Amino acid sequence: MPKNLNPQHDEGPVAEAIEQQTAKLPSDLFLWGGIGSLATAAACFATGKRHEALLIGQWAAPILILGLYNKLVKLEGSD
């Protein structure tokens, strides 16, 4: 991968370390995590725990976005 030609936009050492570690996680983990949160929310809703269902159901979007970020780091690499 070519290095970033704009040094003002280089990643810091913490971001690079996090990207190196998260790139080791399989992409399916995030997909199943998002599906699992929706299934758990549906189960909570069916048992009458409406507030818990709303909370857990909102976890799906951030989990899937993290999976997308993970996939981009794997494909494009970090700076």
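Colleague: How should one read the accessible surface of the protein chain, and what does the surface come to?

Modeller: Accessible areas come from the Shrake-Rupley method with a 1.4 Å probe, and for residues only the protein chains shown count as cover. Here the accessible surface of the protein chain is about 6,000 Å², and carbon and sulfur atoms hold 68% of that surface. Please note that this is a predicted model: local features need pLDDT of at least 70, side-chain atom pairs count only at pLDDT 80 or more, and totals for chains, interfaces and linings use all residues. Residues are numbered from 1 along each chain as its sequence is written, and side-chain values use heavy atoms, with hydrogens and water left out.

Colleague: What average pLDDT does the protein chain have?

Modeller: The term pLDDT is the predictor's confidence in each residue, from 0 to 100. The protein chain averages 86, and 86% of the residues score at least 70. Among the elements, helix H3 (residues 50-57) has the highest mean pLDDT, 97, while helix H1 (residues 13-22) has the lowest, 82.

Colleague: How many helices and strands does the protein chain contain?

Modeller: Helices (H or I, at least four residues) and strands (E, at least two) are DSSP runs, numbered from the N terminus. The protein chain has 4 helices and 0 strands, and along the sequence this gives the pattern α-α-α-α.

Colleague: What share of the 79 residues is buried?

Modeller: The classes rest on relative accessible area: buried is under 20%, exposed is over 50%, and partly exposed is in between (1.4 Å probe, protein chains only). In this protein chain, buried residues are 15% of the 79. Ser 37, in helix H2 (residues 27-46), counts as buried because its relative accessibility is 5%.

Colleague: Which residues does Ser 37 contact, apart from its neighbours within four places in sequence?

Modeller: Contact means heavy atoms within 4.5 Å. By that rule, Ser 37 touches Ile 56, Trp 59 and Ala 60, leaving aside neighbours within four places in sequence. In addition, a polar atom of the Ser 37 side chain lies 2.8 Å from the backbone oxygen of Gly 34. A polar contact is a pair of N or O atoms within 3.5 Å; within protein, one must be able to donate a hydrogen and the other to accept it, and residues adjacent in sequence count only if both atoms are side-chain atoms.

Colleague: Where does Trp 59 lie?

Modeller: Trp 59 is in the loop between H3 and helix H4 (60-76). Since its relative accessibility is 43%, Trp 59 counts as partly exposed. Its side chain reaches the backbone oxygen of Leu 55 at 3.4 Å. Trp 59 and Ile 35 are 24 residues apart in sequence, and their C-alpha atoms are 9.9 Å apart.

Colleague: What share of the contacts with a separation of 6 or more joins residues 24 or more positions apart?

Modeller: In this protein chain the share is 66%. One residue to inspect is Pro 26, in the loop between H1 and H2. Pro 26 touches Asn 70 and Lys 74, not counting residues up to four places away in sequence. From C-alpha to C-alpha, Pro 26 is 9.0 Å from Gly 67, which is 41 residues apart from Pro 26 in sequence. With a relative accessible area of 47%, Pro 26 is partly exposed.

Colleague: Which residues make the nonpolar surface patch of about 410 Å²?

Modeller: Patches are made of residues with over 30% relative accessible area and no salt bridge (a side-chain nitrogen of Lys or Arg within 4 Å of a carboxyl oxygen of Asp or Glu). Like charges are joined within 9 Å, and nonpolar side chains (Val, Leu, Ile, Met, Phe, Trp, Tyr) within 5 Å. The members here are Leu 31, Trp 32, Ile 35 and Leu 64, and H2 gives the largest share, 3 residues.

Colleague: Is Trp 32 buried or exposed?

Modeller: Trp 32, in helix H2, is exposed because its relative accessible area is 58%. Leu 31, also placed in helix H2, is partly exposed at 43% relative accessibility. Trp 32 and Ile 63 are 31 residues apart in sequence, with 9.4 Å between their C-alpha atoms.
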